[in-house]
Amino acid sequence: MADVKLIAADGISLTLGGRPILRQISLQLKAGEMLGLIGPNGAGKSSLLKIIAGIVEPSAGELLVNGHALRRLPGLERARSIAYLAQAGTAHWPITVARVVALGRLPHLGSWRNASAEDLRVIEAALRRTDLLELSERPFPTLSGGEKARVLLARALAVEPNTLLADEPVAALDLSHQLEVMDLLRQHCNEGGAVLVVLHDLRLAAHYCDRLHLLYQGRTLATGTPASVINDANLAQAYGVSIRRAGGSLADAFALTWSKIGHSAP
Amino acid sequence: MLMSGVLACLFLLSLFIGANPIPVLAAVMDAAGDTQSVIALILTEVRLPRALIALLAGATLGLCGAAMQGLLRNPLASPGLVGSAGGAALGASLTLYSGLAAGFWLALPAGGIVGSLLATLLVYSLAGRAAGTATLILAGVAVNSIAMALISLLINLAPSPYAVREIVLWMLGSIANHSMDDFWIMLPGTLLGWALLAGTGRSLDALTLGEETAHTLGVNLDRLRWRIFIAIALAVGSAVSTTGAIGFVGLVTPHLLRPLVGFQPGRLLPASALGGAIMLLCADIGVRLFPAGTEIKVGVLTALVGAPFFLFLIVRSRRWQT
């Protein structure tokens, strides 16, 4: 599995209403890898994620999933290999936590098959991993923001996808819940999956991701290891900010300076 | 389960209740034994079609309401919303107005189904391929208004008081005075519509998480919309052209039953079909309990009960939002 390219995007462009959103983006995602998608607001991060999820059709470019063209992949097959965690997702009916998570099994069930013991085991594992077993019978709308985010992540994990696409999964979370979610994404990679995650917090990105892909005005500004992407020139151009080093090195400035109590320091 | 039992009881009850009390068991024996007695005729030609049509129309309204609400993720949606009911009413009115219905017995239901399909297609093309829920609802309201305006025009221009009376009475919605022929005409479109809706439960479940996430769960949203629209046009078109406009069953039934199925749109479909049939059978038994001579149309009864309930829903949903 080590060198299988779960996702291979080549020359992806997107034009909406004559306005170029993405221009010639190429990226690859291998099993076991966490790729962080960073860049200022409006850079095209979410659009790129939706194209890879198959929600939005690119104007040009080629997209391969496990070596097969995404466009030709049957819907359910695509849904089994790629899970998508939407930005600020929600549930429209007040169904219970366990039932929200169970929706992740739908790509495996199709229209008629009932959930098997194996499906139930996967659902329970996703609930346990996200520490939601005690909340499993609570209606979704009664949860706090952090709990909802965990439920939706559990839903995506219940798909058992090769590739997990997450659009700002930590946006509304406090420090400790941010670490929890990022740890879960990391765990998914350690078990042989791949994660493509949109992040705004560059410290989380630098700490958790194997590689970063920096988008600016729909173009790839830089791509590579966090150390090679996060530098003065790139941040100045993409975000219009300069880095204050506070006496330390650049790496110190983007070090994660907190960790969960009871866990060893990162 | 429980609801099927209730439905069976109501169906039987519906056979027992009528303007003239008849010994039902004796009638069944006569009918089975090919004896042409009056009571057997009342049973097979009056009561049985009435009960069967109430069953089909009620289940259609309940099922389509649940499908519509699931698709649009809006508890205030109903078959009337996508123009389906309005279009069916217009199509059927046209056949009544032109006299086609009188000359050719298939014309009325055919007009209903065609009108329903056209209205649904019009809404769909107005709203556009990737329309949001709000656009779809607005387009549905607009097409319904146009259909109602055209029906008013037809009534206005009707050549004879007889045609006016026929259209108006039909518009009120009634299950009475139908034959087994009406039931057989209604059946194919209804069953086809139901069959199309039967496989949509899982997709509607996935839509709980929104359209984009549903897509990544393998739901082809375009195909799902088409499937549900065509199914509703077939089933509601068949029902409305036979029974006239019976409002609020499709809106209220899914609402009442949703908490009982854990708010899951997929499980709501069969429950709401059973519930709709139960409600319409109840309503139809209800109108028969009024003293003889005052003939209340079943559509009037469902509107009288349903409209205040609709208001209650709006008030309650407003309270949730604040």
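Start by selecting helix 7 of chain A, residues 175–190, in this predicted model. Helix 7 of chain A lies across strand 3 (34–38), strand 7 (163–167) and strand 8 (194–198) of chain A, and its direction is at about 150° to that of strand 8 of chain A.

Next, colour the sheet beneath your selection. Six strands of chain A make up an open sheet in the order 6-7-8-3-9-10, and the pairing in this sheet is mixed. Strand 6 and strand 10 (219–224) of chain A stand at the edges with a single partner strand each, so one side of each is left without a neighbour in the sheet. On average, and with direction ignored, neighbouring strands of this sheet are turned by 15° against each other.

To look at one of these pairings in detail, select strand 9 (residues 211–216) of chain A together with strand 10 of chain A, which pair in the antiparallel sense over five bridges. Show H213(A) here, and you will find T223(A) of strand 10 of chain A standing opposite.

Now move to another sheet of chain A. This open sheet has four strands in the order 2-1-4-5, with antiparallel pairing, and its edge strands are strand 2 (19–30) and strand 5 of chain A, each of which pairs on one side only. Helix 1 (residues 45–53) of chain A packs on the sheet, where it touches strand 1, strand 2 and strand 4 of chain A, and its direction makes about 120° with that of strand 1 of chain A.

Within this sheet, select strand 1 (residues 5–16) and strand 4 (residues 60–65) of chain A, which pair antiparallel over five bridges. Two residue pairs can be displayed as landmarks: I7(A) has V65(A) of strand 4 of chain A as its bridge partner, while A9(A) has L63(A) in that strand. Stay on V65(A), whose bridge partner in strand 5 of chain A is H68(A). Strand 4 of chain A and strand 5 (residues 68–69) of chain A run antiparallel and are joined by two bridges. The hairpin that these two strands form has two residues between the strands, and N66(A) takes a positive phi near 50° there.

For the next stop, select L85(A). Beyond its neighbours within four places in sequence, L85(A) is in contact with L152(A), L153(A), A156(A), L164(A), L165(A), A166(A), D167(A) and P169(A). L85(A) also belongs to the largest nonpolar core, which has 170 residues, and it is one of the members that touch the most other members, along with I52(A), V101(A), L165(A), A67(B) and I232(B). The largest share of this core, 16 residues, comes from helix 3 (residues 38–72) of chain B.

Follow that helix into chain B, and add helix 14 (residues 265–289) of chain B to the selection. Helix 3 and helix 14 of chain B pack at an angle of about 145°, with their axes 6 Å apart, and their crossing is right-handed. The residues of this contact divide into 17 nonpolar, seven polar and two charged.

Finish where the two chains meet. The contact takes 25 residues from chain A and 19 residues from chain B. On the side of chain A that touches chain B, the elements giving two or more residues are helix 2 (75–81), strand 6 (82–85) and helix 4 (106–109) of chain A, and the largest share, four residues, comes from helix 2 of chain A. By residue type, this side of chain A divides into 16 nonpolar, seven polar and two charged.

Key. Residues numbered from 1 in each chain as written. Chains lettered and ligands numbered in written order. Predicted model: local features only at pLDDT ≥ 70, side-chain atom pairs only at ≥ 80, totals over all residues. Contact = placed C-beta atoms within 7 Å. Nonpolar A, V, L, I, M, F, W, Y, C, P; charged D, E, K, R; others polar. Core = buried A, V, L, I, M, F, W, Y, C linked by C-beta atoms within 7 Å. Buried ≥ 20, exposed ≤ 12 C-beta atoms within 10 Å, placed from the backbone. Pairing = 2+ DSSP bridges. Axes fitted to C-alpha atoms, helices over the stretch in contact; angles between N-to-C directions. Left-handed = near helix turned anticlockwise from the far one by under 90°.
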